[in-house]
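Reader: I would like a close look at a single part of this model, namely the place where the two chains meet. Please take me through it slowly, and add whatever helps me to place it within each chain.

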Amino acid sequence: MFDEKELVAKIINGDLRAFEVLVKQYERLVYHVVNRIINNQEDTEDVCQEVFILVHKTLSKFRFESKLSTWIARIAYVTAINYLRKYRKISTTDSQIDQFHFTEENPQNLLTKKEESNYVNMLINQMPEHYRTVLTLYHLNEFSYQEIEEITKMPEGTVKSYLFRARKLLKEKLSVYLKKELL
Amino acid sequence: MNESDDEIQKMATNGPNELPGGAPIGEQEDLISYSRLFDELKKEPEVKLTYGFSANVIRKIKYQKQRQSEMKLALLVAGLISMGFWGFANSIYFEKTITALPGNKWIIFAGLLLLVIIEFLDQKLVKERRLRKQER
């Protein structure tokens, strides 16, 4: 476990090796947030680099009022969303999110279904970015509701509602999968 | 929110992992599905960042810092040259120099200006693009 305050102080004083340690520590977190939102492997690495450059630029403004991981996740979230807006890749509006349903199965989906993990990941990738984000932040990165609110600036109630609905939609698909698996 | 689903989601997160004996089969199946789903959601997908990702970030930051200091230096030099030229233009030597230059003196000035523009465009359009490619 490394001392974050000491590390941040070193980085602010211009120590790039200390910053490399920070990048290695948080690259997985940033990758998962960015990759889930952007949903495009080719651009994910560029956006992750952009996130860390921004972290380096603005680290002197970090006041330890939240966890460093929350602050970095916020930068990753905003950078990824801005990327989607810039290239007009935002797939759904707020009103469409509530009415989201999975599309019919195609042959490629049926092939992916053979492995449970791949199937769940494929389903998540079909979901609107808000669902993907809250699922990743809560289950994979293990942030609390309050931290997700801080990262995404969505009200806690909205976070809970998106999480509930996203899980329910996934569960419905997975139930069918599990029943077929048992047959 | 559907209350039953909400409760089952909570149970799948915090336990207990079994519903009371008389609970409908549908709810028990839902609990199993949710538990399986939550296990899947916790699994970390493969991270596909290139080897040496952190080193690439550091290289990019170093490059940006270098560009910033070069830019500051260029601005400082440009400021000094402008001040020097302004001082020279206001001195008694300026007119003497201009009259001493051969007939087509404006061609010399235009040539100098053209050189500066070519150098600027070379920097902007060719060198920066090459450097960006090298970074990737």
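Author: What follows goes from the meeting of the chains to one pair of helices, and then to the chains themselves.

Please keep in mind throughout that this is a predicted model. Where the chains meet, 30 residues of chain A are in contact with 29 residues of chain B. On the side of chain A that touches chain B, at least two residues each come from α2 (16-38), α3 (41-58), α7 (116-126), α8 (129-140) and α10 (156-182) of chain A. Sorted by class, the residues on that side of chain A comprise 14 nonpolar, seven polar and nine charged.

One helix pair deserves a closer look, that of α3(A) with helix α3 (residues 53-89) of chain B, whose axes are 10 Å apart and which pack at an angle of about 55°. Because angles of 65 to 115 degrees count as roughly perpendicular and those under 35 degrees as roughly parallel, α3(A) and α3(B) are described as oblique to each other. The crossing in which α3(A) passes α3(B) is right-handed. From α3(A), the residues that make this contact are Gln49(A), Phe52(A), Ile53(A) and His56(A), and they meet Asn56(B), Val57(B), Lys60(B) and Ile61(B) of α3(B). By class, this contact of α3(A) with α3(B) is made up of four nonpolar, three polar and one charged residues.

As for the partner, chain B has five helices and zero strands, and its pattern along the sequence reads α-α-α-α-α. Of the 136 residues in chain B, 7% are buried.

Chain A, for its part, is divided into domain 1 (1-90) and domain 2 (92-183), and the contact between these domains of chain A takes 13 residues from domain 1 and 13 residues from domain 2. On the side of domain 1 of chain A that touches domain 2 of chain A, the elements giving two or more residues are α2 and α4 (68-86) of chain A. That side of domain 1 of chain A has seven nonpolar, four polar and two charged residues.

Within helix α2 of chain A lies Leu29(A), which counts as buried because it has 20 C-beta neighbours inside 10 Å. Leaving aside residues up to four places away in sequence, Leu29(A) touches Ser69(A), Ile72(A), Ala73(A) and Asn141(A). Leu135(A) is 106 residues from Leu29(A) along the chain, and the C-alpha atoms of Leu29(A) and Leu135(A) are separated by 13 Å.

Definitions and conventions:
Residues are numbered from 1 along each chain as its sequence is written. Chains are lettered from A and ligands numbered from 1 in the order in which they are written. This is a predicted model: local features need pLDDT of at least 70, side-chain atom pairs count only at pLDDT 80 or more; totals for chains, interfaces and linings use all residues. Two residues are in contact if their C-beta atoms, placed from the backbone, lie within 7 Å. Helices (H or I, at least four residues) and strands (E, at least two) are DSSP runs, numbered from the N terminus. Ala, Val, Leu, Ile, Met, Phe, Trp, Tyr, Cys and Pro count as nonpolar, Asp, Glu, Lys and Arg as charged, and the others, Gly among them, as polar. Domain bounds come from an automatic or database domain assignment. Axes are lines fitted to C-alpha atoms, for helices over the stretch in contact, and angles run from 0 to 180 degrees between N-to-C directions. Angles under 35 degrees count as roughly parallel, over 145 as roughly antiparallel, 65 to 115 as roughly perpendicular and the rest as oblique. A crossing is left-handed if the near helix is turned anticlockwise from the far one by less than a right angle, and right-handed if clockwise. A residue is buried if 20 or more other C-beta atoms lie within 10 Å of its own, exposed if 12 or fewer, and partly exposed in between; C-beta atoms are placed from the backbone.
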